[in-house]
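User: I would like a close look at one part of this model. Please keep it brisk and tie the details together.

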Amino acid sequence: MKILILHGPNLNLVGKISAKAGDNITLGKINSALKQSAKKLDSDIKILQTHKVFNAINFIQRNRNWADGLLFSPMSWSLYEYSILECLKISNLLTIQILFDGKYQIVDNETGSIFSSYCKKTLSGNPKNIYLDGIKELNKII
């Protein structure tokens, strides 16, 4: 299985959010856990964190034929970034959306995400666990 991981804007600062929550979660730790999980599942992954929409779209387009699925944390893009949604639809890439909840929730999930109707599944939770749940879910689906 080949998986893309796309971290949206400001996820490089998840450590700052986790410090306020009394935890010690960083994007580096999340990515390390994803790599370990992928290795256990005999999967390959490519990871990108970006604030720039064109980088996200390029990542999806360039890897659409390589990847079996995508874990996507849209963050603020979940409210307005229709160009990424269009790219996902055209690429027809199996996507699981990752949203944070509780003390990690930055974007109001109650408003809803523009990606929810496209994504195969939306998972919400603590960043320490939700990515690993996502990679396991992709493994089940694919």
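In what order do the strands form the open sheet, and is the pairing parallel or antiparallel? Start there, then work outwards to what surrounds the sheet.

Analyst: This is a predicted model. Its open sheet has 5 strands, in the order β2-β1-β3-β4-β5, and the pairing is parallel. The edge strands are β2 (44-49) and β5 (121-125), each of which pairs on one side only. From one strand to the next, the twist averages 20 degrees. Helix α2 (residues 27-40) packs on this sheet and touches β1, β2 and β3. The direction of α2 makes about 165 degrees with that of β2.

Now take strand β3, residues 69-73. The strand is mostly covered, with 5 of its 5 residues buried. Gly69, Leu71 and Ser73 point one way from β3. Leu70 and Phe72 point the other way, and they too are buried.

β3 has a partner in β1 (residues 2-7), and 5 bridges join the two in parallel. One pair can be named here: histidine 7 has serine 73 of β3 as its bridge partner. β3 also pairs with β4 (residues 95-100), again in parallel, through 3 bridges. Leucine 71 has isoleucine 96 as its bridge partner in β4. Phenylalanine 72 stands opposite glutamine 97 in that strand.

Next, threonine 95, which lies in β4. Buried or exposed? Threonine 95 counts as buried because its relative accessible area is 1%, and the cut-off for buried is under 20%. Leaving out residues up to four places away in sequence, threonine 95 touches Leu70, Phe72, Leu88, Tyr118, Cys119, Lys120 and Lys121. Two of these, Leu70 and Phe72, point the same way from β3. A polar atom of the threonine 95 side chain lies 2.8 Å from the backbone oxygen of leucine 93.

Just before this strand comes a loop residue with a notable backbone angle. Asparagine 92 lies in the loop between α5 and β4. Its phi is near 55 degrees, a positive value in a residue other than glycine. Asparagine 92 counts as exposed, at 63% relative accessibility. Asparagine 10 also has a positive phi, near 70 degrees. That residue lies in the loop between β1 and α1 (14-20). At 42% relative accessibility, asparagine 10 is partly exposed.

On to the loop between β4 and β5, where serine 113 lies. Serine 113 is buried, with a relative accessible area of 14%. Setting aside neighbours within four places in sequence, serine 113 is in contact with Ser78 and Gln97. Gln97 is the β4 residue that phenylalanine 72 stands opposite. The serine 113 side chain also reaches the backbone nitrogen of phenylalanine 115, at 3.1 Å. Proline 74 is 39 residues away from serine 113 along the chain, yet their C-alpha atoms are separated by 8.7 Å.

Two helices show how burial is arranged around an axis. In α3 (residues 53-63), the buried residues are Val53, Ala56, Ile57, Phe59, Ile60 and Asn63. Seen down the axis of α3, they fall within an arc of 155 degrees, so they line one face of the helix. Phe54 and Arg62 are exposed on the other side of α3. What covers the buried residues of α3 includes β1 and β2 from the sheet, along with α4 (77-80) and α5 (82-91).

The other helix is α6, residues 127-141. α6 has 15 residues and reaches 21 Å from its first C-alpha to its last, close to the 21 Å expected. Buried in α6 are Pro127, Ile130, Tyr131, Gly134, Ile135, Glu137 and Leu138. These cover an arc of only 160 degrees around the axis, which puts them on the same side of α6. The face turned away from that buried side carries the exposed residues Lys128 and Lys140. Asparagine 126 caps the N-terminal end of α6. There, a side-chain oxygen of asparagine 126 lies 2.7 Å from the backbone nitrogen of lysine 128.

To pull the part together: β3 is joined to β1 by 5 bridges and to β4 by 3 bridges. Its residues are buried whichever way they point.

Conventions. Residues are numbered from 1 along each chain as its sequence is written. This is a predicted model: local features need pLDDT of at least 70, side-chain atom pairs count only at pLDDT 80 or more; totals for chains, interfaces and linings use all residues. Side-chain values use heavy atoms; hydrogens and water are left out. Helices (H or I, at least four residues) and strands (E, at least two) are DSSP runs, numbered from the N terminus. The expected span of a helix is 1.5 Å times one less than its number of residues. Buried means under 20% relative accessible area, exposed over 50%, partly exposed in between (1.4 Å probe, protein chains only). The arc is that of the directions from the helix axis to the C-beta atoms. A polar contact is a pair of N or O atoms within 3.5 Å; within protein, one must be able to donate a hydrogen and the other to accept it, and residues adjacent in sequence count only if both atoms are side-chain atoms. Two strands pair if DSSP finds at least two bridges between them. Axes are lines fitted to C-alpha atoms, for helices over the stretch in contact, and angles run from 0 to 180 degrees between N-to-C directions. Contact means heavy atoms within 4.5 Å.
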